[in-house]
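Below are my comments on the model, set out as numbered points. Please read them with the structure open.

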Amino acid sequence: MEFKIKFTLTCFVLAFLTLVVLLTSAWGWSMLATVTSVFLLSYPLCWLAWRTWQFWSSSIMRLTTYTQSLAMGESGVSLAQRGKSVLLDDLSDEITQLYQQSAVNSGANASLTMLFGQLFEDLPIAVVIFEQDYTLSYANRAAYDIAEISLLQGMSAKALGFVEQNKQLNHSALASNWRCQSSLINFQQQPIHLFTAIDIASELKQSEQAVQANLVRVLSHELRNTLTPMSSMAETLLSMQTLDTVQTRKVLERVKTRSDGLLNFVERFAEVAKIPEPNKERFELPALVEQTKVLLTEKDSLMFTGQHICYADSQLMAQVLMNLVKNAVESKETQGVAIKVNYYQQDNQQYLSVIDNGTGFSNIDNAITPLFTTKANGAGIGLAFVETVLNKHGGIVRLSNVADSDATVGDQEGTKIGAKVELIWPLQS
């Protein structure tokens, strides 16, 4: 900038003196007269150029000093006005307005950070707040304590490992053992991204231990029921002095029947572990519900309500609906059953419920336990399969017995109880 001003002023002086030389030559002046005129004019021109340079350089220097003072936080400084340059005065006013606006925004951000600290600092839930441009603005103590991620204020969410998917922030390090959720909210007229993470490792461990305990109990019961009679029959044969062919054949037939039952039990147990990882996609849920009507008899009815587009593994979800509708039909075989299927999305979650007007759950605490059943010909696989599928989708299964105001769907007999199975899983791509 300084070089350009000096160069321009020098060119102006030289151009003016050159013009004087050309004019005096054209007028027929002598060489002495031309040199004398150039010498006399050069001094005032040089003085004028120097004064112009001094004015602009001092003005720019004062603006530079003023800007640096504001940048260092010296709010009490002001710019002394020298000369009558409208351009410089306007530039000075713009700098002052920008500084004042920046000071207001900085104060608002500081107040906002202080407020966030008072609200979230001591919460056991990790809270991370990003500004509208996904720059980290605040993180509470619980967030900084997460060893899997690193947080540094002022850095972008992408640089910190966060990824936006379907308007939701996620972090690969928090994919398991953490329940994460994010939302865009307006806080004090400022749009911010609020990200929360809850450590559910202990809950998952307790749930896993409970499932294992139930499995051990069911396995022990089934094995005891099979092996005890077999042992008793073998002991009877061994106590006989002479083996009776007919009696021996009967005992062996019973042993074979018990063995086949135990093998069938093991095969059914293995079915729960064969479920593949879900291939999630968007599909029309009513089409899958329509397929389940092949399980209905003439006395049964099925009605679907709610939203149509579902996000999950369509093949696994078809099997889930088949199991739930089959259970509902079997709950009221003699009189027919009315089934209501409802689906909706809310707060980035999907809710699918199947309600019937049957007899309800007689042992709701063990209803999902694999191989546990109260039906004469039941396998105890249906609800265990449903829960495994939902777990692979990151969801949960809720069971309840409901009053007939919730359970009946065209029930003409006023049944007082029914079963409700509610599936909840996240809506994310």
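1. Gln165 faces Gln168 of strand 4. The model is a predicted one, and in it strand 3 (residues 162-165) runs antiparallel to strand 4, the two being joined by four bridges. Two residues separate the strands of this hairpin, and Asn166 has a positive phi near 55°.

2. Is strand 4 covered or open on its two faces? Strand 4 spans residues 168-171 and is covered on both. Gln168 and Asn170 are buried on one side, and Leu169 and His171 are buried on the other.

3. Strand 3 also takes part in the aromatic contacts. The structure contains five aromatic pairs. In one of them, Phe162 and Phe195 meet edge-to-face, with 5.2 Å from centre to centre and 80° between the planes. Phe162 belongs to strand 3 and Phe195 to strand 6 (residues 190-199), so that this contact links distant parts of the chain, 33 residues apart. Phe162 and Phe195 are both buried. Ring pairs join Phe130 to Phe162 and Phe195 in a cluster.

4. A further aromatic pair is made by Tyr343 and Trp425; this one is tilted, at 6.3 Å centre to centre with 35° between the planes. It links distant parts of the chain, with Tyr343 in strand 10 (residues 338-346) and Trp425 in strand 13 (residues 418-426), 82 residues apart. Tyr343 and Trp425 are buried.

5. How many salt bridges does the whole structure hold? The search finds three. In one, Lys392 and Glu277 meet through their side chains at 3.0 Å, N to O. Lys392 is in helix 9, while Glu277 sits in the loop between helix 6 (245-271) and strand 7 (281-284), so this salt bridge ties together parts 115 residues apart in sequence. Lys392 is partly exposed at 26% relative accessibility, whereas Glu277 is exposed at 58%.

6. Another salt bridge joins Lys326 and Glu330, whose closest N and O atoms are 2.6 Å apart. Both residues lie in helix 8 (residues 314-330), and because they are four residues apart, about one helical turn separates them. Lys326 has a relative accessible area of 40% and is partly exposed; Glu330 is partly exposed at 27%.

7. Glu290 and Lys293 also form a salt bridge between their side chains, at 3.3 Å, N to O. Glu290 is partly exposed, with 47% relative accessibility, and Lys293 is partly exposed with 34%.

8. Helix 9 (residues 382-392) also contains Val386. Val386 counts as buried because its relative accessibility is 0%. Its C-alpha atom is 8.1 Å from that of Leu324, a residue 62 positions apart from Val386 along the chain.

9. On the surface, Leu19, Leu23, Trp27 and Trp29 make a nonpolar patch of about 450 Å². Trp29 is located in the loop between helix 1 (2-26) and helix 2 (31-71). With 42% relative accessibility, Trp29 counts as partly exposed.

10. How many disulfides are there? The structure has zero. As for individual cysteines, Cys11 is partly exposed, with a relative accessible area of 34%, whereas Cys310 is buried, with a relative accessible area of 1%.

Note on methods: Residues are numbered from 1 along each chain as its sequence is written. This is a predicted model: local features need pLDDT of at least 70, side-chain atom pairs count only at pLDDT 80 or more; totals for chains, interfaces and linings use all residues. Side-chain values use heavy atoms; hydrogens and water are left out. Buried means under 20% relative accessible area, exposed over 50%, partly exposed in between (1.4 Å probe, protein chains only). Two strands pair if DSSP finds at least two bridges between them. Patches are made of residues with over 30% relative accessible area and no salt bridge: like charges are joined within 9 Å, nonpolar side chains (Val, Leu, Ile, Met, Phe, Trp, Tyr) within 5 Å. Accessible areas come from the Shrake-Rupley method with a 1.4 Å probe; for residues, only the protein chains shown count as cover. A salt bridge is a side-chain nitrogen of Lys or Arg within 4 Å of a carboxyl oxygen of Asp or Glu. A disulfide is a pair of cysteine sulfur atoms within 2.5 Å. Rings of Phe, Tyr and Trp (its six-membered ring) pair if their centres lie within 6.5 Å; planes under 30 degrees apart count as stacked, over 60 as edge-to-face and the rest as tilted.
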